[in-house]
Amino acid sequence: MYLQLFLFSGSCMIVDSSDHDPGEKARLQLPTMKENDTHCIDFSYLLYSKSGTNPGTLNILVRVNKGPLANPIWNVTGSTGRDWLRAELAVSTFWPNEYQVIFEAEVSDGRSGYIAIDDIQVLSYPCDKSPHFLRLGDVEVNAGQNATFQCIATGRDAVNNKLWLQRRNGEDIPVAQTKNINHRRFAATFKLQEVTKTDQDLYRCVTQSERGSGVSNFAQLIVREPPRPIAPPQLLGVGPTYLLIQLNANSIIGDGPIILKEVEYRMTSGSWTETHAVNAPTYKLWHLDPDTEYEIRVLLTRPGEGGTGQPGPPLITRTKCAGEVRWIFLFCFVLLLFIYLFLPVCFHCNGAVTIAIVLLCWYCQRSESSYASLAPVFCLCHLVGVNLSFHLLIIEARKL
């Protein structure tokens, strides 16, 4: 429940805690700030109770683009004495965002004393006692990786202030490291470990001291899911020692862009795995074993560390049997051996073998068999045999 505000001349707000229940709040909202500029909000405050009990808490909140209120960026609790104290709030605004500063007084259980602010001034230059943050940039990471925000602020002795990273939902992340850049500038580093989609939100840097507070703009943490194919690869062709596949990498789960495509394959009965980079929609896997079952998957990678997604669904297929080719080569070898040993001058046999070897070479080349490399050897042996047959024929003719 919000309290009635007592506003007097000179931009003053006073809340009498004795007239209200514990937990009740009063808020004073300043006009929104839109221009691209550095602002310093200077004000006086007083929390006083004659009995010395706690009159309540004075909070300062900053709302961005009429969004939800996060945790206070500055607060003071308990009696501060009879004297007015001075504090500053450093706000750097970045168009087109809107910023609104809200003063909030909350009554404590003591229900005694006053909470007051006075002489609020919105100045268009940096604060003297509170550091100003430079623009905080968005951070993009892949799911499962660590995200790092670096806040850079200017101000005297600012490195000794309390620092934290504030999430829009109110969660506060402690600082991981601070570093002095020079005598008026420092950097604060904040780390979020192994982020997921649930961590994607707006974050801002906050610093606080007794003299005041500083707050940065909200920056977005963007969490990308590494891509994964929806469908398995498609089989386009098969032979005894090769498999021709289409990657089917256009439909994915996750985020792009895709900067690398890889084919991962293995024997279904083995434990080893090979991975080949692919830069075309189709790919041919060579030097496979005949009549063997293989499991083939596609891996996709997007930019950034940890950008490789899980393998897609597998294609399980088998290479062709190479047994018929083996028997053809064995038959041809025996036939050649028989002709050259027992029928060296048979021209008809040599002609038939020549035709057979030509057909065999054509078949091996067409089927892309692993025996294709032996076909030229058979051809060479056959040519040597034919040449030898002619020499023997000439020798026999001279004897006659």
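**Close-up 1. Tryptophan 95 counts as exposed, because its relative accessibility is 61% and the cut-off for exposed is over 50%.** Keep in mind for this and every other view that you're looking at a predicted model. Where does tryptophan 95 sit? You'll find it in the loop that links strand S7 (85-93) to strand S8 (99-107). Now look for glutamate 35: it is 60 residues away from tryptophan 95 in sequence, yet their C-alpha atoms are just 5.9 Å apart in space. And which residues does tryptophan 95 touch, leaving out those up to four places away in sequence? They are Lys34 and Asn36.

**Close-up 2. Three strands make an open sheet, in the order S21-S22-S26.** The pairing here is antiparallel. As a bit of background, strands of a sheet pair through backbone hydrogen bonds, and they can do so in a parallel or an antiparallel way. Why is one side of S21 and of S26 left without a neighbour in the sheet? Strand S21 (234-238) and strand S26 (282-285) stand at the edges and have a single partner strand each, so there is nothing in the sheet on their other side. On average, neighbouring strands of this sheet are turned by 25 degrees against each other, if you ignore direction.

**Close-up 3. Here's how strand S22 and strand S26 are joined: by four bridges.** S22 covers residues 243-246, and the two strands run antiparallel. To pick out one of the partnerships, start at leucine 243 and look across to S26, where its bridge partner is leucine 285.

**Close-up 4. A cis peptide bond leads from glycine 256 to proline 257.** Most peptide bonds are trans, so this kind of spot is worth a look. The omega angle of the bond between glycine 256 and proline 257 is near -5 degrees. Proline 257 belongs to the loop between strand S23 (252-253) and strand S24 (260-267).

**Close-up 5. Asparagine 65 has a positive phi, even though it isn't a glycine.** Most residues other than glycine have a negative phi. For asparagine 65 the angle is about 55 degrees. This residue is in the loop between strand S5 (56-64) and strand S6 (74-77). Is asparagine 65 buried, partly exposed or exposed? With a relative accessible area of 40%, asparagine 65 is partly exposed.

**Close-up 6. Glutamate 194 is another non-glycine residue with a positive phi, at about 45 degrees.** Its place is the loop between strand S16 (185-192) and strand S17 (202-209). Glutamate 194 has a relative accessible area of 58%, so it is exposed.

Technical notes:
Residues numbered from 1 in each chain as written. Predicted model: local features only at pLDDT ≥ 70, side-chain atom pairs only at ≥ 80, totals over all residues. Heavy atoms only, no water. Buried < 20%, exposed > 50% of the residue type's maximum accessible area, 1.4 Å probe, protein only. Contact = heavy atoms within 4.5 Å. Pairing = 2+ DSSP bridges. Axes fitted to C-alpha atoms, helices over the stretch in contact; angles between N-to-C directions.
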